Amino acid sequence: MAMELSKEERALLIESLRRLLEGGWPVEQAVEWANDAKALRRIMGELHGLGLAELGSSEGPGLRETLMLFEELGRASCPVPLIGLWLANWLLDGTNDADARAFLTAVQAGEAVPAIVLAGFDGDRNAGSVSIVDGQASGAAAFVEGVAAATHLLLLSTAPSGVAVVAVDDPGVRVTHTPGLAVPALSEVELASRPSVWLPVEKERLADAARVVRLVNTARALGAAQRAFDLALEHAKQRRQFGRVIGEFQAIQHKLADCLSRLDGTRLSLAGAADASDRRDASWIYFAEGAIAYAGPSLRQVILEAHHVMGAIGYAEEHELPRHFRSVHADLVRFGGAARARGALADYLLAPARVKEKGSSNLPSHDTDASVAAFRSRIRAWLNENWTDADRSANRLLPFTDRAYNREFSRKMGAAGWTGLDWPKEVGGQARSPGEQLAFIEELEFAEAPTDANMAGETIVGPAIIRYGSEEQKKDFLPAFLRGERSFALHYSEPEAGSDLAALRTTARREGDEWVISGQKLWTTGGDKAEYAFMAARTDPEAQPKHAGISIFLVPLDTPGITIRPGMFMYGRTFCETFYDDVRLPAGALLGPENGGWKVITDALAAERVMIGTTVAHLQHVFDRLIDYLRSTGESADSPRLDPVIRDRIGNLAAEIEVARQFTLRNGNLVQTGRVPIYEAAMSKVFVGELQERLGEAAMDILGSGGLLSEEAASAPIPEVEQVLRHSLMGVLGGGTSEMQRNTIALRGLKLPRHSS
């Protein structure tokens, strides 16, 4: 197993590489030196000086650190053939073959610089193949990188399966450089030479080696795209047009917000795949294909948007941006690109022989160690006993609006200790890891357990009381939440204040020891079932800015003067209009400081968006149903399971669901460190909400007219699909529209300027 580095050690390694590249590979020389073999070998030698000689070996940094290093090389447009060092270590480390050991020693000393020839393992139909016949390497390979700076070729042979090493200057090697978009140019290699090293290697290990090369190229493309994005972002903060900085324009802000999401999604997916590989998790292959599938179209869109923001300034060859345009496209198109990865995901999911455990998912879990897996087993076992098939069947007979709301089950969860998982231990919580929290959420969803009765109280109101509540409020509410009691509704929106909460008009005026509330609230999900409201009201009508005069109250909904009028959302659940007519509350109903409610609201909204982000578990469950259906359609030529268009779409959805899971895990990690994920939660909400729309639309296309049928139709192939599509709008609109979330990402995450009026 590779050396495990701490977060601080990783940061130090990357900072050392960045300093080396700033001095030894300056921006002004990068394009010229990319075609200079001496410059590439020089920088390769300097990388050895950073202690990277064992990169890829059992004693060196792992794949996680390797991808971070290549991301940094991509930022600097430095095409040094470092992957040859990694693969030589990975394939030859520990061998008893004397010739292979001698070659590896030369590579680690910087005396030999290998270029990788994947040939038959490349994934591109025109990449060629290499075989060993009577002890001689023969064949032809195209699209080979780094030959000009290399001393040797490290060949992956398909027949027989193994690794061969041939000197570049061998008389039997013919190299033809093939100029094009890639810089430096790729090469074609023809071989008729006896290798200096031949080592049989299992085909599966060579396939894994080729997969690592694909991940490395993806990481390098991420670095180039990130650098292009950084240039565009800085440009947007300085460039003035039409009398203002262009970063004030919402069109630019939303472009850049989406780019940040794509960059973060790619980085998190790559890290997840690398971490799985480093801990020897067999699922790393699935996660790797997911990362590559997502990165392909995402990073290419980032580089295009960077050019759009830069305009003609970035279109000139002397500018830095064109080199990143070239490298992003070159790195992502090679080796079969994202289409190959989508195909691999579909192969995994739609394989008819694969068997999954009842109540589990077709997708690999993110259980990072045995403790998370054990925790998942515990909750699954508890659910098997406490939410049985009979309970599930009975629940499905209820009206849709009532199925997720079960106070008895919430109390049962509280009694069993399944509440407060993410709360601090000091207030009775369990401080569970993000991985455990994700496992918990997924298992509840796979079991179709009703969790809405306590959800808002435990996940939104509870953390707000922990952070801002009085001691009396903590003693009153927190133990009740942990018991699975006290259901809450969120009273934010009003007729003139939807996403613009600072415009709310409901007032709270102080009269002695009481607050008197007057106003109207709209679009409250489940407001007819809740016992309490988490309510925002204006306590200072004269405050400027307008959000400065808002306060938060904990309101019992049976208080005289409150009228609740239910309605029906398009997806089949109730929403409510609530009227406050001089409602009197005790002074202790105020949560946090008077006129200090905006901070409480923003933190609570972030918590709500984290909660909405976990909707990915529901999407995963629906996706599972779609996969199960496709696997059931058989092997006939007209089976939708074999349709290449459907398979490509399934692969794309699978990759996006993995990104959504990574966003959810990141939010959990941030909360665990004590930081409220403001723009990160907004990013998760946008991605998951719009993914739900894409999943619903894709399922409709795949199922055809059958997708229109609801659960009331016995012939419906997947009864949830039409409801998922109707529900998808809620994910985009509820908790603040996607457009407002993009504003948050732009202003809070990217620090773009506000529109100046």
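Here are four short exercises, with worked solutions, on the predicted model shown above.

**Exercise 1: the sheet**

Work out in which order the 4 strands of the open sheet are arranged, and which strands sit at the edges.

Solution.
- Let's start with the order: reading across the open sheet, you meet S2-S3-S7-S6, and the pairing is antiparallel.
- Now look for strands that pair on one side only: these are S2 (128–133) and S6 (173–178), so by the definition of pairing they are the edge strands.
- To finish the picture, check the twist, which averages 10° from one strand to the next.
- As a reminder, the strands of a sheet pair through backbone hydrogen bonds, either parallel or antiparallel.

**Exercise 2: one pair of strands**

Find how many bridges join S3 to S7, and which residue stands opposite alanine 140.

Solution.
- First locate the two partners: S3 covers residues 136–144 and S7 covers residues 186–193.
- These strands run antiparallel, and 6 bridges join them.
- Then pick out alanine 140 and look across to S7: you land on glutamate 190.

**Exercise 3: the second largest pocket**

Describe the second largest pocket: its volume, its lining, and the helix that gives the most residues.

Solution.
- Take the volume to begin with: the second largest pocket holds about 1900 Å³ of space.
- Next comes the lining, made of 49 residues; Arg10, Arg64, Leu268, Ala271 and Asp275 lie nearest the centre.
- Sort the lining residues by type and you get 20 nonpolar, 11 polar and 18 charged.
- Now ask where they come from: elements giving two or more residues include helix H1 (7–24), helix H4 (63–75), helix H20 (644–672) and helix H21 (678–703).
- The top contributor is H8, with 9 residues.

**Exercise 4: two threonines**

Decide whether threonine 66 and threonine 419 are buried or exposed, and list what each one touches.

Solution.
- Place threonine 66 first: you'll find it in helix H4.
- Its relative accessibility is 0%, and the cut-off for buried is under 20%, so threonine 66 is buried.
- Leaving out residues up to four places away in sequence, threonine 66 touches Leu55, Pro61, Trp86 and Val216.
- Threonine 419, on the other hand, lies in the loop between helix H14 (407–415) and H15.
- With a relative accessible area of 6%, threonine 419 also falls under 20%, so this residue counts as buried.
- With that sequence rule again, threonine 419 touches Met413, Gly414, Gln430, Asn454, Glu458, Phe481 and Leu482.
- One last distance: the C-alpha atoms of threonine 419 and alanine 714 are 37 Å apart, with their positions 295 residues apart along the chain.

Conventions. Residues are numbered from 1 along each chain as its sequence is written. This is a predicted model: local features need pLDDT of at least 70, side-chain atom pairs count only at pLDDT 80 or more; totals for chains, interfaces and linings use all residues. Side-chain values use heavy atoms; hydrogens and water are left out. Two strands pair if DSSP finds at least two bridges between them. Axes are lines fitted to C-alpha atoms, for helices over the stretch in contact, and angles run from 0 to 180 degrees between N-to-C directions. On a 1 Å grid over the protein atoms alone, a cavity is a set of points where a 1.4 Å probe fits but cannot get out, and a pocket is an open set with protein on both sides within 12 Å along at least five of seven lines; lining residues have an atom within 4 Å of a point. Grid points are joined across faces, edges and corners, and a volume is the space filled by probe spheres set on the points. Ala, Val, Leu, Ile, Met, Phe, Trp, Tyr, Cys and Pro count as nonpolar, Asp, Glu, Lys and Arg as charged, and the others, Gly among them, as polar. Buried means under 20% relative accessible area, exposed over 50%, partly exposed in between (1.4 Å probe, protein chains only). Contact means heavy atoms within 4.5 Å.
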